[in-house]
Amino acid sequence: GIRTIRDLAQLLAGLSPHDVKATFGQPDANYKENANRHASIRSTAKLESLGWKAQVTPEEGFARTMKALL
């Protein structure tokens, strides 16, 4: 799926057992939006045709990782 860095930062901050908040500033005048931001999205159709199915959401996967690291 499509997740922005902002989305991931908010997700990880929300999963932290500490008082962590994701804060964001405004882009400066030199900031250039990525016109091809959807170009790198990969399809899972071939994997799914072989019987693979995602069983863990990004939220659960990051929660497991945070738990293992803390």
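1. Glu59 is partly exposed, because its relative accessibility is 33%, and partly exposed residues fall between the 20% and 50% cut-offs. This residue sits in helix α3, which spans residues 58–69. Look also at Leu11. Glu59 and Leu11 are 48 residues apart along the chain, yet their C-alpha atoms are separated by 7.2 Å. Keep in mind throughout that this is a predicted model.

2. Now the overall fold. The chain has three helices and zero strands. Along the sequence the pattern reads α-α-α. The radius of gyration is 16 Å, well over the 11 Å from the globule rule for 70 residues, so the chain is more spread out than a compact globule. The box filled by the C-alpha atoms tells you the extent in each direction: roughly 45 × 35 × 15 Å along the principal axes.

3. Next, burial and surface. Of the 70 residues, 6% count as buried. The chain exposes about 6500 Å². Carbon and sulfur atoms supply 55% of that area.

4. Ser16 is a buried residue. Its relative accessible area is 15%, and buried means under 20%, so Ser16 qualifies. Find Ser16 in the loop between α1 and α2. Its side chain reaches the backbone nitrogen of His18 at 3.1 Å.

5. Asp28 belongs to the loop between α1 (5–15) and α2 (45–49). Is Asp28 buried or exposed? Asp28 counts as exposed, because its relative accessibility is 55% and the cut-off is over 50%. The side chain of Asp28 also has a backbone partner: it reaches the nitrogen of Asn30 at 2.9 Å.

6. Lys21 is in the loop between α1 and α2. Lys21 counts as exposed, with 62% relative accessibility. Here the contact joins two side chains. The side chain of Lys21 makes a polar contact with that of Asp19, at 2.9 Å. Check Gln10 as well. Lys21 and Gln10 are 11 residues apart along the chain, and 7.4 Å separates their C-alpha atoms.

7. Thr4 comes in the segment before α1. At a relative accessible area of 38%, Thr4 is partly exposed. Which backbone nitrogen does the side chain of Thr4 reach? The nitrogen belongs to Asp7, and the distance is 2.9 Å. Gly14 lies 10 residues from Thr4 in sequence. In space the two are 15 Å apart, C-alpha to C-alpha.

8. Last, a pocket. The second largest pocket has a volume of about 160 Å³. Which residues line the second largest pocket? They are Arg6, Gly25, Pro27, Tyr31, Glu33 and Asn34. By class, that lining has two nonpolar, two polar and two charged residues. Try sorting the names yourself. Pro and Tyr count as nonpolar, Arg and Glu as charged, and Gly as polar, along with the residues outside the nonpolar and charged groups.

9. A short recap for your notes. The chain has three helices and zero strands, and the chain is more spread out than a compact globule. Ser16 is buried, Asp28 is exposed and Lys21 is exposed. Thr4 is partly exposed, and Glu59 is partly exposed.

Methods: Residues numbered from 1 in each chain as written. Predicted model: local features only at pLDDT ≥ 70, side-chain atom pairs only at ≥ 80, totals over all residues. Heavy atoms only, no water. 1 Å grid on protein atoms, 1.4 Å probe; cavity = no way out; pocket = protein on both sides within 12 Å on 5 of 7 lines; lining within 4 Å. Points joined across faces, edges and corners; volume = space filled by probe spheres on them. Helix = DSSP H or I, 4+ residues; strand = E, 2+ residues; numbered from the N terminus. Rg over C-alpha atoms; globule rule 2.2 N^0.38 Å. Buried < 20%, exposed > 50% of the residue type's maximum accessible area, 1.4 Å probe, protein only. Areas by Shrake-Rupley, 256 points an atom, 1.4 Å probe, with all protein chains shown as cover. Polar contact = N/O pair within 3.5 Å; in protein donor to acceptor, adjacent residues only side chain to side chain.
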